[in-house]
Amino acid sequence: MLKVAFVDISNLARSQIAAAICKKLAPDIFEVYSVGKELKSIDKNIKKIMKEIYDIDMDKNQYTKLISEIPKVDIIVSTGGETFLDNSRKFDEKFKLKDIDGKNEDELKEIIFNIEEKVIKFIKKYEKYERANHTFEPIYDENSRILILGSFPSVKSREESFYYGHPRNRFWEVVSKITKTELPHNIDEKKSMLLKNNIAIWDVIKSCIIKGSSDSSIKDVEVNDINTIIKKSKIEKIYANGDKAFKLYNKYCKNDIGIEIEKLPSTSPANAAYSMEKLIDEWKIIK
């Protein structure tokens with residue numbers, strides 16, 4: 001379940017409405033918070049309208065709070081023109097809603113319906129996303145000389161708790177042909193092939209928000225500490241399995257590790273432009 005915070009400066013109107021509607025419409029998708037920079041009472045007219053239209057009791061379900069009072073969230077939504085958050089964390093979404101102060105009942109209803117529309121679009125956008133964690137260990141030993149980094153495990157790999165688990169991912173076939181090893185069929189055989197050839201594998205990302213297996217959907221990245229295996233091995237070359245891993249390493253890891261990374265074409269089935277022969281020709285540099 002994703003954690004989302006709707007933010008408004010005073011946290012007494014727009015963010016409260018958005019949070020209340022999101023809670024009602026998507027209780028199984030989001031853990032919802034509304035926060036602000038100041039603490040004020042929710043407008044009584046808003047309470048009345050929300051009860052009439054949505055049967056939401058704002059007194060029971062909503063109260064003003066500061067962002068420091070809630071846990072770390074996955075998605076932060078600005079409901080107005082807020083810029084007060086820590087500059088290290090940008091807003092993920094901006095609703096850009098009209099100021100609600102001083103509005104009569106009809107105007108309030110119009111703004112509330114506009115908030116509902118934006119919340120529905122927000123739910124549709126994120127309903128298939130999840131916060132996913134990398135749950136299995138890197139493969140390496142003290143003799144590893146080459147490190148191959150992916151971006152983040154696919155759904156199939158996460159289910160199997162091992163690397164490149166999609167049946168059409170060509171990683172294992174490519175490496176077996178380059179190393180002249182019989183194609184491995186289980187996890188123990190795959191580990192053995194890698195270690196016998198002094199190859200280590202891991203992924204750049206430790207945790208992220210992701211939609212299925214889509215690299216392009218990845219948000220809010222926390223990276224693995226690649227240095228932990230560099231220090232315990234003889235790794236001197238690092239290769240990226242695809243463009244996403246290459247970019248992530250250069251953004252988050254390169255300066256800390258101090259080893260340049262070389263990009264190889266992805267072995268993913270999504271990289272249909274590369275035939276097996278072309279992949280082997282590009283990947284033979286690892287041997």
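The points below go through two helices, one sheet and one pocket of a predicted model.

1. Helix α11 spans residues 276-283, and M276, L279 and W283 are its buried residues. Seen down the axis of α11, these buried residues fall within an arc of 60°, so they line one face of the helix. A general rule helps a reader to picture this: an α-helix has 3.6 residues a turn, so residues three or four places apart point the same way.

2. It is worth asking which elements the buried residues of α11 pack against. Two helical and strand neighbours come earlier in the chain, namely β6 (146-150) and α6 (171-178), and the list continues with β10 (237-241) and β11 (261-264).

3. Helix α7, made up of residues 187-196, can be read in a similar way, with K190, M193 and L194 as its buried residues. They cover an arc of only 95° around the axis, and therefore sit on the same side of α7. Turned away from that buried side is a face of α7 that carries the exposed residues D188 and K196, while the cover over the buried residues of α7 includes α6 and β7 (199-203).

4. Helix α6 deserves a second look when the structure is turned on the screen, since α6 is among the elements against which the buried residues of α11 pack, and α6 is also included in what covers the buried residues of α7.

5. Three strands form an open sheet in the order β5-β8-β9, and their pairing is antiparallel. The edge strands are β5 (129-133) and β9 (219-223), each of which pairs on one side only. On average, and with direction ignored, neighbouring strands of this sheet are turned by 15° against each other.

6. Within this sheet, strand β8 (residues 205-211) is joined to β9 by three bridges, and the two strands run antiparallel. For a place to start tracing this pair, take S207, which stands opposite E222 in β9.

7. The largest pocket has a volume of about 540 Å³. Its lining is made by 27 residues, of which F152, N169, D215, S266 and S268 are the closest to the centre of the pocket. Which elements give two or more residues to this lining? They are α5 (155-160) and α9 (243-252), and the largest share, four residues, comes from α9.

How values were computed. Residues are numbered from 1 along each chain as its sequence is written. This is a predicted model: local features need pLDDT of at least 70, side-chain atom pairs count only at pLDDT 80 or more; totals for chains, interfaces and linings use all residues. Side-chain values use heavy atoms; hydrogens and water are left out. Buried means under 20% relative accessible area, exposed over 50%, partly exposed in between (1.4 Å probe, protein chains only). The arc is that of the directions from the helix axis to the C-beta atoms. Contact means heavy atoms within 4.5 Å. Two strands pair if DSSP finds at least two bridges between them. Axes are lines fitted to C-alpha atoms, for helices over the stretch in contact, and angles run from 0 to 180 degrees between N-to-C directions. On a 1 Å grid over the protein atoms alone, a cavity is a set of points where a 1.4 Å probe fits but cannot get out, and a pocket is an open set with protein on both sides within 12 Å along at least five of seven lines; lining residues have an atom within 4 Å of a point. Grid points are joined across faces, edges and corners, and a volume is the space filled by probe spheres set on the points.
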